[in-house]
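Let's take a walk through this protein together. Keep the 3D view open and follow along as we go.

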Amino acid sequence: LIPRKAKPEEIGFCHDKLYQAELQRQISNLQKHQDWKTTQFTHEICKADDVPGDFQISSNSFDVSLYAAGAPLTAIEYILNPDHQTSRAFCIVRPPGHHAHQQTGSGFCIFNNVAIAAKHLTQNLGFKRVL
């Protein structure tokens with residue numbers, strides 16, 4: 001399957017709007033400077049206690065992260081469609097997502113893809129609990 005991009009409101013299930021805006025601003029700044037390949041995300045205004053916010057971004061990081069967060073959403077929607085007759089999926093994505101926090105990413109993770117998928121199930125698809 002080709003994953004869809006996660007929508008802004010789906011990213012917002014788990015991530016602060018300030019963090020998203022700052023991430024987009026820094027990536028946009030990178031795109032203006034073609035000679036820069038990557039940079040460290042600076043997080044003066046996106047702070048979480050005891051979370052370093054130590055990850056690199058490139059000019060494509062926001063788009064790629066939306067696809068990475070959208071992959072489990074695509075898989076969920078595929079599984080829940082009775083026409084597909086499948087009950088499981090495995091999403092291999094980069095950037096991963098398990099270290100990202102509400103106010104900042106961490107490690108190599110920009111968005112928390114699994115938490116977004118769980119919120120999608122409970123807030124959009126009527127599930128009461130997700131393990």
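A disulfide is a covalent bond between the sulfur atoms of two cysteines. Keep in mind that this model is predicted. Searching the whole structure turns up zero disulfides.

Two cysteines appear in the table below, along with two other residues we'll meet.

| Residue | Relative accessible area | Status |
|---|---|---|
| Cys14 | 15% | buried |
| Cys91 | 33% | partly exposed |
| Asn112 | 16% | buried |
| Leu125 | 34% | partly exposed |

Why does Asn112 count as buried? Its relative accessible area is 16%, and the cut-off for buried is under 20%. You'll find Asn112 in the loop that runs between α3 (61-80) and α4 (113-123). If we skip its neighbours within four places in sequence, Asn112 is in contact with His15, Gly97, His98 and Ala100.

Now on to α4. Which of its residues are buried? They are Asn113, Ile116, Ala117, His120 and Leu121. Look down the axis of α4 and these buried residues fall within an arc of 140°, so they line one face of the helix. Here's a handy bit of background: an α-helix has 3.6 residues a turn, so residues three or four places apart point the same way. And what do the buried residues of α4 pack against? The answer is α1 (8-11) and α3.

Last stop: the surface. Leu125 sits in the segment after α4. Together with Leu80, Phe127 and Val130, Leu125 forms a nonpolar patch on the surface, and the four have about 300 Å² of accessible area together.

Key:
Residues numbered from 1 in each chain as written. Predicted model: local features only at pLDDT ≥ 70, side-chain atom pairs only at ≥ 80, totals over all residues. Heavy atoms only, no water. Helix = DSSP H or I, 4+ residues; strand = E, 2+ residues; numbered from the N terminus. Buried < 20%, exposed > 50% of the residue type's maximum accessible area, 1.4 Å probe, protein only. Contact = heavy atoms within 4.5 Å. Arc of directions from axis to C-beta. Patch = residues over 30% accessible without salt bridge, like charges linked within 9 Å, V, L, I, M, F, W, Y side chains within 5 Å. Areas by Shrake-Rupley, 256 points an atom, 1.4 Å probe, with all protein chains shown as cover. Salt bridge = Lys/Arg side-chain N within 4 Å of Asp/Glu carboxyl O. Disulfide = S-S within 2.5 Å.
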